[in-house]
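Look at the chain below and follow it from its overall make-up to a few of its parts. The text takes up the surface, the bonds between cysteines, the charged pairs and the end of the chain in turn.

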Amino acid sequence: SVPADASNPDSVVVSVLNISATLGSQAVLPCKSYRMVWTQDRLNDRQRVVHWDVYSNYYGDNKMERLCDMYSAGDQRVYSSYNRGRIFMPQNAFTDGNFSLVIRDVAESDEGTYSCNLHHHYCHLYETVKIQLDITKKAKEAKQYWDGEKAVIVALEGSTVMLPCVNRNHIWTERHSEEEQQVVHWDRQPPGVPHDRADRLIDLYASGERRSYGPLFIRQKMNITDTAFAVGDFSLWISELESADEGTYSCHLHHHYCGLHERRIYQVFVTEPVREKKVVNLTTHNTAPAIACFSFPLQSDPNVVRGHNVINVIIPESRIHFFQQLGYIVATLLLFIVLLIIVVLITRKRRQRG
């Protein structure tokens with residue numbers, strides 16, 4: 001990835017786009033991220049959940065079973081009546097960051113591959129830790145080791161075993177206020193200006209606070225929608241493009257709680273509108289139809305800046321010249337017919353004499 005800017009050392013450039021638009025039109029610089037969608041916590045922080053599953057072949061059916069789960073603001077739930085009171089997680093898991101599973105009085109039927117699954121629905125983060133549990137009847141065979149992919153625990157039958165799953169990252173252990181930690185801002189660099197001297201255009205916070213910078217005419221022509229955090233669309237709209245709008249634009253997305261710091265770069269170029277030619281027939285008295293070529297702006301874009309209309313009229317010769325040419329052709333045909341008649345008459349006279 002491209003190195004981050006100095007003011008946000010954790011951010012990375014995720015895309016670079018070239019955008020070309022015609023003079024006077026409207027340009028859209030797309031900047032979207034579903035991870036930045038803000039949804040107020042109306043369920044008392046039930047956005048984090050941990051659940052333990054086990055994949056077992058003990059009964060020969062290769063079955064995946066959900067053992068228990070717990071939300072960050074709720075009690076843990078054990079699915080099987082056989083396991084209630086026998087397996088559990090620490091009640092303060094989302095405070096301490098210890099999501100380990102304790103199994104009492106382990107039996108051969110507990111053998112299998114266990115998975116500790118952490119889901120942060122708000123930040124769209126998903127983490128999984130796998131542990132293999134084997135049961136032995138000999139105490140000297142009890143041990144723990146790493147097989148290259150996951151931890152393996154060999155436990156003595158009838159003992160109490162703890163399957164470790166510890167994650168003390170702050171997003172799993174702290175409550176948060178989303179609107180205070182999400183911000184999007186747009187910068188612009190005129191041609192030849194380095195990034196560290198870019199002009200700030202807009203700041204938008206999830207709380208609804210918006211700050212626009214620069215002259216009034218820039219604030220009126222460059223904007224992002226009021227529903228940006230609701231749909232995750234922070235695209236910049238630039239109306240009535242001018243040559244002075246060319247440059248490098250940057251969309252910065254910061255979600256400090258979730259650890260999201262992204263930057264998208266856009267190279268904007270403004271081009272002259274393409275013009276098309278239309279043919280119009282003009283009729284005049286005593287002259288042939290004239291062909292006129294008019295230069296019009298493209299009608300598909302109502303915002304195109306209109307220049308001066310140029311009319312080029314090409315008028316052919318008059319009808320008298322046409323009849324003169326026709327007379328030459330008729331005279332030539334008559335002369336040919338006369339010559340043909342003379343040849344025929346001479347031929348007949350010679351035959352009569354013979």
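**The chain as a whole**

The chain exposes about 21,700 Å², and carbon and sulfur atoms supply 54% of this area. The model is a predicted one. Of the 354 residues of the chain, 36% count as buried. The secondary structure consists of 5 helices and 22 strands. Among the contacts in the chain with a separation of 6 or more, 55% are between residues 24 or more positions apart.

One example of residues that are apart in sequence is found in strand S3, where Tyr55 has its place. The C-alpha atoms of Tyr55 and Thr113 are 5.1 Å apart in space, while the two residues are 58 residues apart in sequence. Leaving out residues up to four places away in sequence, Tyr55 touches Asn62, Lys63, Met64, Gly112 and Thr113. Tyr55 is partly exposed, because its relative accessibility is 37% and the buried class ends under 20%, the exposed class starting over 50%.

Next come the cysteines. A disulfide is a covalent bond between the sulfur atoms of two cysteines. How many disulfides does a search of the whole structure find? The search finds 2.

One disulfide joins Cys31 to Cys251, with a distance of 2.0 Å from S to S. This pair links distant parts of the chain, 220 residues apart: Cys31 is in the loop between strand S2 (27-29) and strand S3 (48-56), and Cys251 is in strand S18 (residues 247-255). The torsion about the S-S bond of Cys31 and Cys251 is about -75°, so this disulfide is left-handed. Cys31 counts as buried because its relative accessibility is 0%. Cys251 also has a relative accessible area of 0%, so Cys251 is buried.

Cys116 and Cys165 form a disulfide as well, and their sulfur atoms are 2.1 Å apart. Cys116 lies in strand S8 (residues 112-120) and Cys165 in the loop between strand S12 (161-163) and helix H2 (170-173), so the bond ties together parts that are 49 residues apart in sequence. The link of Cys116 and Cys165 is left-handed, with -70° about the S-S bond. Both of these cysteines, Cys116 and Cys165, are buried.

Why does Cys68 not have a bond to the closest cysteine sulfur? The closest cysteine sulfur is in Cys116, and it is 9.0 Å from the sulfur of Cys68, which is too far for a bond. A disulfide needs sulfur atoms within 2.5 Å. Cys68 is buried, because its relative accessible area is 0%.

Charged residues are the next topic. Side chains of opposite charge can pair when their charged atoms come close. The structure holds 12 salt bridges.

In one of them Arg77 pairs with Asp69, and the closest N and O atoms are 2.9 Å apart. Are the two partners buried or partly exposed? Arg77 is partly exposed, because its relative accessibility is 42%, whereas Asp69 has a relative accessible area of 5% and is buried. Another salt bridge is formed by Lys150 and Asp147, with the closest N and O atoms 3.1 Å apart. Here Lys150 is buried, at a relative accessible area of 15%, and Asp147 is partly exposed, at 37% relative accessibility.

The side chains of Lys221 and Asp245 also meet in a salt bridge, at 2.7 Å from N to O. Lys221 lies in helix H3 (residues 216-221) and Asp245 in the loop between strand S17 (236-238) and S18, so the pair ties together parts that are 24 residues apart in sequence. Lys221 and Asp245 are both buried. Elsewhere, Asp187, Arg200 and Asp203 are linked in a network of salt bridges.

The last stop is helix H5, which covers residues 319-353 and contains Ile341. The unreviewed UniProt entry annotates residues 326-346 as "transmembrane region". In the model this span is 100% helix and 0% strand, and its end C-alpha atoms lie 31 Å apart. A nonpolar patch on the surface includes Phe322, Leu326, Val330, Phe336, Ile341 and Leu345, and the residues of the patch have about 1,100 Å² of accessible area together. Ile341 is partly exposed, because its relative accessible area is 46%.

Note on methods: Residues numbered from 1 in each chain as written. Predicted model: local features only at pLDDT ≥ 70, side-chain atom pairs only at ≥ 80, totals over all residues. Heavy atoms only, no water. Patch = residues over 30% accessible without salt bridge, like charges linked within 9 Å, V, L, I, M, F, W, Y side chains within 5 Å. Areas by Shrake-Rupley, 256 points an atom, 1.4 Å probe, with all protein chains shown as cover. Salt bridge = Lys/Arg side-chain N within 4 Å of Asp/Glu carboxyl O. Helix = DSSP H or I, 4+ residues; strand = E, 2+ residues; numbered from the N terminus. Buried < 20%, exposed > 50% of the residue type's maximum accessible area, 1.4 Å probe, protein only. Contact = heavy atoms within 4.5 Å. UniProt positions renumbered as here; feature names shortened; annotations may be inferred.
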